[in-house]
Amino acid sequence: MRLKVNSVNSNEYKSGITIQDLLDYKHIEAVPWLVISVNGVFVKRELFKSHILNDGDEVEMIYVRGGG
Amino acid sequence: MSEAEDNMSYRYDRILSLSSFSNKDLKALQSKKVLIIGTGGVGQHVATYLVTNGVEHITIVDYDKVEISNLNRQILLTEDDVGKYKVNVVKNALSKRNKDSNIKSINIKLDNSNVNEIITNAYDIVVDALDNWEGKFLISDECHKKNIPFLHIGVDGMSGQFCVFQNKSLKDLLSSEVKKEVRDGVMGPVVGAVSSLASTYLMQYLLNKKPTDHLISVDFIGNKITTIKL
């Protein structure tokens, strides 16, 4: 299926994958300062393993910072 | 128009010339009270933009002394200030930028023993300009408990983020495990850029022109701004 991940469109993804599957596929560690949204809406990290991505979804991954 | 009113009007000439900004907006900003906790790179940028653009009632909180390594991002400091209490230097510098402003300073380290006294409903919003997650969570929890809007700002490395929390809090976004964040250095202008965007958002928020509970991330490696609805 097609996903837009961090602004990059690709149809390389298997159907029915979860956010955690996507992270594993991309070799991205879910460090505590990683924040993810799907279609612009925040997804709690407790849902990474259960939130199934749909064809056309837009996923953004950002790292929050604690400096000031 | 009196001379004082004339001077005031001319001081704010550029912002009053904005098509999306009115005299009523300026008066609204002048009535607001903002508490800024932390007067490092973020706090100095935010305080400067607020004080010079109409938000004249500001209280700043810090306990730190000026170090030479602060100067790459803390725009109100000079080499002559090294060793002085930052909150005094910043208050003085802000007052020089707007003599009509009302700047209060509190020279203290925010902690569990004083947070209840420092963060009160007297403020329209509290700005988190601290450089550590412990302090950020402390501010967030207190503001959430008292239903005070809270502007979180964080910067490190080549990126940063900000969010006005009202219905949500930092705990809705992050676990306390975030305190394990691996920290980087910081390029001075990145602090300025993120703080400037946050200041712009804050002024618009104070005029009811921006929503709460939207996280805005700025990444200078990917040249990207991302908005996430909480």
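These legends walk through several close-up views of chain B in a predicted model.

**View 1. Chain B as a whole.**
Let us start with the full chain, before moving in. Chain B has 230 residues, and its secondary structure comes to 9 helices and 8 strands. Its radius of gyration is 17 Å, close to the 17 Å from the globule rule, so chain B is as compact as a globular protein of that length. The C-alpha trace spans about 55 × 40 × 40 Å along its principal axes. Of the residues in this chain, 44% are buried. Among contacts in chain B with a separation of 6 or more, 68% link residues 24 or more positions apart. As for confidence, the mean pLDDT of chain B is 96, with 100% of its residues at 70 or more. The model as a whole scores ipTM 0.96 and pTM 0.96.

**View 2. Strand β5 of chain B and its cover.**
Here we meet β5(B), which covers residues 150–156. How many of the residues of β5(B) are buried? The count is 7 of 7, so to speak a strand that is mostly covered. In a regular strand, side chains alternate between the two faces of the sheet. Both faces of β5(B) are covered. On one side sit B:F150, B:H152, B:G154 and B:D156, and on the other B:L151, B:I153 and B:V155, all of them buried.

**View 3. The partners of β5(B).**
Now look to either strand that pairs with β5(B). Strand β4 of chain B, residues 125–128, runs parallel to β5(B) and is joined to it by 3 bridges. Across this pairing, B:D128 stands opposite B:H152. Together with α7(B), these two strands, β4(B) and β5(B), make a right-handed β-α-β unit. With β6(B), β5(B) runs antiparallel, and 7 bridges join the two. In that pairing B:F150 faces B:F165 of β6(B) as its opposite residue. β5(B) and β6(B) form a hairpin with 2 residues between them, and B:G157 in the turn has a positive phi of about 60 degrees.

**View 4. A second hairpin, β7 and β8 of chain B.**
This view shows another antiparallel pair. Strand β7 of chain B, residues 214–219, pairs with β8(B) over 6 bridges. One place to find this pairing is at B:V218, whose bridge partner in β8(B) is B:I225. The hairpin of β7(B) and β8(B) has 4 residues between the strands, and B:N223 takes a positive phi near 50 degrees.

**View 5. The glycine B:G43.**
Next comes a single residue in helix α4 of chain B, B:G43. Is B:G43 buried or exposed? It counts as buried, because it has 28 C-beta neighbours inside 10 Å. Beyond its neighbours within four places in sequence, B:G43 is in contact with B:I36, B:G38, B:I60 and B:A129. The C-alpha atoms of B:G43 and B:I153 are 9.3 Å apart, although the two residues are 110 apart in sequence.

**View 6. The side of chain B that touches chain A.**
Finally, we turn to the meeting of the two chains. Here 34 residues of chain B are in contact with 16 residues of chain A. On the chain B side, α4 (41–51), α7 (133–146), β5 (150–156), β6 (159–165) and β8 (224–229) each supply at least two residues. Which of the elements gives the most to this side? That is β8(B), with 5 residues. By character, the residues on this side of chain B divide into 12 nonpolar, 13 polar and 9 charged.

Definitions and conventions:
Residues are numbered from 1 along each chain as its sequence is written. Chains are lettered from A and ligands numbered from 1 in the order in which they are written. This is a predicted model: local features need pLDDT of at least 70, side-chain atom pairs count only at pLDDT 80 or more; totals for chains, interfaces and linings use all residues. Two residues are in contact if their C-beta atoms, placed from the backbone, lie within 7 Å. Ala, Val, Leu, Ile, Met, Phe, Trp, Tyr, Cys and Pro count as nonpolar, Asp, Glu, Lys and Arg as charged, and the others, Gly among them, as polar. pLDDT is the predictor's confidence in each residue, from 0 to 100. A residue is buried if 20 or more other C-beta atoms lie within 10 Å of its own, exposed if 12 or fewer, and partly exposed in between; C-beta atoms are placed from the backbone. Two strands pair if DSSP finds at least two bridges between them. A crossover is right-handed if, with the strands pointing away from the viewer, the path from the first strand over the helix to the second runs clockwise. The radius of gyration is taken over C-alpha atoms; the globule rule is 2.2 Å times the number of residues to the power 0.38.
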